Structures are given as C-alpha cells and as structure tokens.
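Visitor: Please take me through one part of this protein in detail. I would like to look at its empty spaces and what lines them, and then at the packed interior for contrast.

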Amino acid sequence: MNDRRQFLLNDKSVGAGASVVYWMSRDQRVWDNHALMAATMFAKENEKVINVVFCIDSFYPNANLRSFDFLIRGLQEVSETLAKLQIPFRLLYGHPPDTLPICLKELGCATLFSDFDPLRVKQQWKVALNKVIECPHYEVDAHNIVPCRLASPKEEFGAYTIRPKINRLLPEFLDDLPPLEWQQSLFTSVSVQHAESTSKLNATEILERMNLDRSVGVLDLESGEKAAHKALSDFTEHRLGMYNELRNDPEKECQSNLSPYLHYGQLSAQRVALEVQKADVASENKAAFLEELIVRRELSDNYCFYNPHYDKIVGAAAWAQKTLNEHVLDEREYLYSLPQFEQSKTHDRLWNAAQKQLLLEGKIHGYMRMYWAKKILEWTTSTAQALEFAIFLNDKYALDGRDPNGYVGCQWAICGVHDRAWGDRPVFGKIRFMNANGCKRKFDVEAYISKFELSKLLF
C-alpha cells in the first residue's frame with residue numbers, strides 16, 4: 001500500500017511491547033482496509049503481534065439504537081472474519097481516551113494505528129489520547145481515495161477548486177487494491193503464531209446492555225461487508241447504467257444506496273470506484289457517479305477537517321453570512337417547531353413525505369434532501385435555528401447521519417457552502433432557492449407523496 005496514506009500524530013518512539021494495535025473506528029471492515037494492512041505490515045516487519053480494538057461510546061452525539069444496531073451488526077461480521085484469521089479483536093465500552101490507554105498497556109502496545117476521521121469529536125479523542133500514550137500513533141486515511149491531508153492543506157472553496165487537486169493525485173492513489181488472497185496471507189502470517197482466543201460478538205446482547213436512545217426504530221437493512229459488496233454489485237448491474245439521467249428522480253430510484261456502507265466503512269470507496277470503472281455502461285454514467293463518490297464526497301471531508309465550525313452558520317462563507325443576516329427579520333409565511341418538523345406536521349405534503357421517508361427508511365432521496373433542508377430555512381425563525389434543526393433531524397434519523405456529507409449537505413442547502421450567490425429574494429437572500437413547482441418539473445411529485453403520505457409512524 002502507499003505509505004503516503006499514513007501520518008504520524010505524535011513524536012513518541014516505538015515501544016518495547018510485543019503488540020501492534022489497530023484502533024478501528026471509521027473503517028469497520030477487514031478487507032480492502034489500508035489501516036489494517038498498514039498495521040499488519042508494520043507488525044510483520046517488526047515481529048510483533050497484531051490486535052484490533054474497537055471502542056463503543058454510548059454517548060456519541062446523536063447516536064441511538066438505529067445507528068448502533070447497524071454498526072454492531074457490522075462489527076459482528078468483522079469479529080467473525082478476524083476470528084477465522086486468528087486475529088485478536090477486543091470491544092471496549094466507554095469514552096475512548098479513558099478506555100483505550102488501559103487496553104494498550106494490557107496488550108503491550110508498541111505502536112498504534114488508527115483511522116482518519118475529520119469530525120471534531122474524533123479529532124478531540126486523538127488529541128486527548130496522544131497526551132497519555134507512550135507509543136507512536138499513526139493515522140491512516142482508508143476512507144478517502146486521495147488522502148484528505150494530501151488532497152489539500154486548506155479548506156477549499158468548492159468542487160471546482162478541489163477537483164484538479166484530486167485528479168492530479170488519482171493516478172497515484174486509485175490503483176488496484178491488493179487481491180483478497182494477498183491480504184489474507186498477510187494477516188495470517190502475522191497473527192497465527194501469536195493468536196489468542198477471539199470471542200465473536202453477539203449484537204443482540206451488546207445492544208441490550210447499552211444505555212441508548214431507543215425512540216428511533218431499527219431498520220431492516222443488512223449490515224456488514226458481505227451486504228455492502230452485494231449492494232455494490234446490485235448498483236453496478238442494475239442502476240449505474242441509468243445514473244446520469246435518472247439520479248435526481250426520486251421515483252426512478254437510481255441512486256446507489258451505498259451511503260450507509262460507506263459511512264460505516266463497511267465498503268472501501270476505492271473498491272467502489274474500481275468496480276464502477278470496470279462496469280459495462282456508458283462513460284457519462286461512470287463519470288457522474290465518480291464525481292459524487294470522489295470529488296464531492298472528499299470535498300466534504302476537506303470542509304469538516306479544516307473548518308472547525310462545520311455545523312454552525314459561522315462556518316459559511318462571508319457572503320452567505322452577510323446575505324442571511326440581511327434577511328433575518330424577513331416575515332416567514334409559516335413557522336414550525338422542531339417537534340412539528342420531526343412529526344411531519346407542516347402544510348407541505350411534499351416536505352412531509354420526505355420527512356416520513358427519513359423516519360421510516362433512514363434516508364431521503366438526494367434531490368429531495370436538498371428541498372427538505374431549504375424549506376427548513378424558509379420555515380424557521382433564523383438561519384442558526386434552521387441549521388440546528390436540519391442537522392439534528394438528519395443525525396438522529398438518517399442511517400448515514402453524523403457524517404461529513406450530511407453536515408455539508410445541510411450547509412449547502414441552508415448556508416450556501418460550496419455554492420455561489422444567486423438572485424436576492426426574501427428569507428433566502430442570495431442562497432439558492434427551491435420550491436415545489438421546481439420539483440414538479442423534475443419528477444412525479446404526487447407519486448412520491450403517495451408512497452409515504454399514509455404511512456404510520458411507529459416511533
């Protein structure tokens with residue numbers, strides 16, 4: 001693998017312990033995982049044992065039964081795969097900066113490897129952890145195709161500024177992943193001689209013992225690496241060929257449905273890109289999807305990594321803050337409270353249908369999510385309140401919530417992040433406007449509404 005994917009986060013010397021530990025977090029998979037491969041190669045070169053550790057924090061912001069159910073079912077598969085490879089796996093409970101140092105000492109950790117994650121809470125964990133551990137800590141970007149730190153050293157203005165930087169590095173990083181056989185050979189060559197008992201996880205038992213918000217129901221969606229690869233095959237075989245033309249039509253359902261698997265790291269974005277490139281479909285469909293998968297997705301990581309206010313109005317560009325402040329006192333035709341939004345109780349049948357889709361399916365079609373967020377701006381007392389409501393609802397109910405894509409999606413719709421100024425109008429100022437009539441010109445609005453209008457909310 002490319003060594004430029006990893007970054008040393010502290011100045012500690014390699015310890016005398018017998019173990020190399022991979023702290024799995026954002027990339028919850030065994031195969032095609034650059035972080036696990038980097039840790040294992042380091043262990044092999046230095047004749048160390050390899051251990052994998054995952055920390056579960058029940059108090060992770062806005063996480064609940066829905067998100068933890070999907071996460072833990074995926075980890076159950078991870079534990080089973082690692083057990084077959086005789087790689088020890090430990091599940092820790094509690095705040096990682098408190099629980100992980102104790103575990104590292106118990107395992108005799110000589111060097112620590114972890115996943116790259118741009119979000120504030122994960123960065124804070126690492127800062128706190130590095131103050132107390134006595135070994136080197138390498139962060140490996142296994143989530144982005146082009147590592148975020150290498151793609152750009154600063155916050156980018158938009159897709160048009162980051163695209164050439166990413167494209168310049170793609171030949172280096174969008175290379176063939178090591179074959180599964182090689183990965184398996186690497187893992188077993190390190191672990192088999194030093195294997196200790198590895199207990200498989202029981203998702204049901206783990207969820208029962210956790211103190212979680214159980215008001216958000218779980219979803220009937222397969223989790224884990226096998227399900228992720230099955231979803232990828234389904235997309236490339238049945239919908240990729242229509243992606244460019246129909247992706248913005250909620251009625252045609254041509255989106256990839258890969259977002260949850262990418263969010264939880266159960267699927268490598270690099271693997272997705274390689275499979276899409278090989279697909280026997282027109283080039284414009286591949287190009288449209290790869291623009292979303294690579295440029296837009298990695299632009300979101302860039303924004304959250306370099307902008308500490310990625311979830312606040314002060315994280316928006318100066319022009320956007322100015323125009324929104326100029327219209328803060330504009331009269332709103334409708335105003336709704338958070339419970340009214342949450343329970344789909346607005347005057348707008350189309351918006352209510354989108355919110356019901358979020359509650360029932362854990363997602364909103366990409367085009368409708370833009371409309372959904374912009375109407376929240378239109379029907380709240382301030383931009384700050386609109387952004388707060390949108391992020392809260394997305395993080396609470398979307399299976400891919402608490403993700404850079406979600407924060408940037410809300411910021412784009414409400415605060416014009418990565419967008420440009422448009423014509424001035426009430427409430428929105430120069431932020432891009434959307435309305436129901438525009439949706440009617442795009443797709444069959446009544447058909448979309450009918451899917452969800454009569455649905456009963458069970459939670």
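Guide: What follows goes through the enclosed spaces, then a pocket, then the nonpolar core and a few single residues.

The model is predicted, and the protein chain averages a pLDDT of 95, with 97% of the residues scoring at least 70. One stretch stands apart from that average: over residues 193-197 the pLDDT stays under 50. The model has six contacts beyond four places in sequence for this stretch. Where pLDDT is low, the predicted coordinates should not be read in detail.

Now the enclosed spaces. Rolling a probe the size of a water molecule over the atoms shows where empty space is left. Counting those of 30 Å³ or more, there are three cavities. The largest cavity holds about 340 Å³ of space. Its lining is made of 23 residues, and those nearest the centre are S25, Q28, Y60, L71 and K122. Several elements contribute: strand 2 (19-24), strand 3 (49-56), helix 2 and helix 4 each supply at least two residues of the lining of the largest cavity. Sorted by class, that lining has 13 nonpolar, four polar and six charged residues.

The second largest cavity has a volume of about 50 Å³. Its lining consists of W23, S25, D115, D117, K122, W125 and K126. Two of these names, S25 and K122, have already come up among the residues nearest the centre of the largest cavity. Helix 4 gives the most to the lining of the second largest cavity, with three residues. The class count for the second largest cavity is two nonpolar, one polar and four charged residues.

Helix 4 also takes part in an open space. The second largest pocket contains about 370 Å³. Helix 4 (120-130) and helix 18 (383-397) each supply at least two residues of the lining of this pocket. The most comes from helix 18, with six residues. There are 19 lining residues in the second largest pocket, and N62, R120, D311, I391 and Y407 lie nearest its centre. By class, the lining of this pocket has 11 nonpolar, two polar and six charged residues.

Helix 2, which helps to line the largest cavity, spans residues 65-84 and includes T81. T81 counts as buried because its relative accessibility is 13%, and the cut-off for buried is under 20%. Leaving out residues up to four places away in sequence, T81 touches V30 and W31.

Past helix 2, the loop that leads to strand 4 (89-93) contains Q86. The phi of Q86 is near 60°, a positive value in a residue other than glycine. Most residues other than glycine have a negative phi, and most peptide bonds are trans. Q86 has a relative accessible area of 35%, so Q86 is partly exposed. A second case is N257, with phi near 65°, again positive in a residue other than glycine. N257 is in the loop between helix 10 (243-246) and helix 11 (259-263). With 39% relative accessibility, N257 counts as partly exposed.

That leaves the packed interior. In soluble globular proteins, nonpolar side chains tend to be buried together. The largest nonpolar core here has 149 residues, and F289 and W372 touch the most other members. Helix 13 (residues 283-306) provides the largest share of this core, nine residues.

F289 can be taken by its neighbours. Not counting residues up to four places away in sequence, F289 touches F235, L240, Y243, S256, L258, V272 and V276.

W372 sits in helix 17 (residues 366-378). Its relative accessible area is 0%, so W372 is buried. With residues up to four places away in sequence left out, W372 touches W351, A354, Q355, L358, I364, A390, L393 and N394. For a sense of distance, W372 and A142 are 230 residues apart in sequence and 31 Å apart in space, C-alpha to C-alpha.

Technical notes: Residues are numbered from 1 along each chain as its sequence is written. This is a predicted model: local features need pLDDT of at least 70, side-chain atom pairs count only at pLDDT 80 or more; totals for chains, interfaces and linings use all residues. Side-chain values use heavy atoms; hydrogens and water are left out. pLDDT is the predictor's confidence in each residue, from 0 to 100. Contact means heavy atoms within 4.5 Å. A nonpolar core is a set of buried Ala, Val, Leu, Ile, Met, Phe, Trp, Tyr and Cys residues joined through side-chain atoms within 4.5 Å. Buried means under 20% relative accessible area, exposed over 50%, partly exposed in between (1.4 Å probe, protein chains only). Helices (H or I, at least four residues) and strands (E, at least two) are DSSP runs, numbered from the N terminus. On a 1 Å grid over the protein atoms alone, a cavity is a set of points where a 1.4 Å probe fits but cannot get out, and a pocket is an open set with protein on both sides within 12 Å along at least five of seven lines; lining residues have an atom within 4 Å of a point. Grid points are joined across faces, edges and corners, and a volume is the space filled by probe spheres set on the points. Ala, Val, Leu, Ile, Met, Phe, Trp, Tyr, Cys and Pro count as nonpolar, Asp, Glu, Lys and Arg as charged, and the others, Gly among them, as polar.
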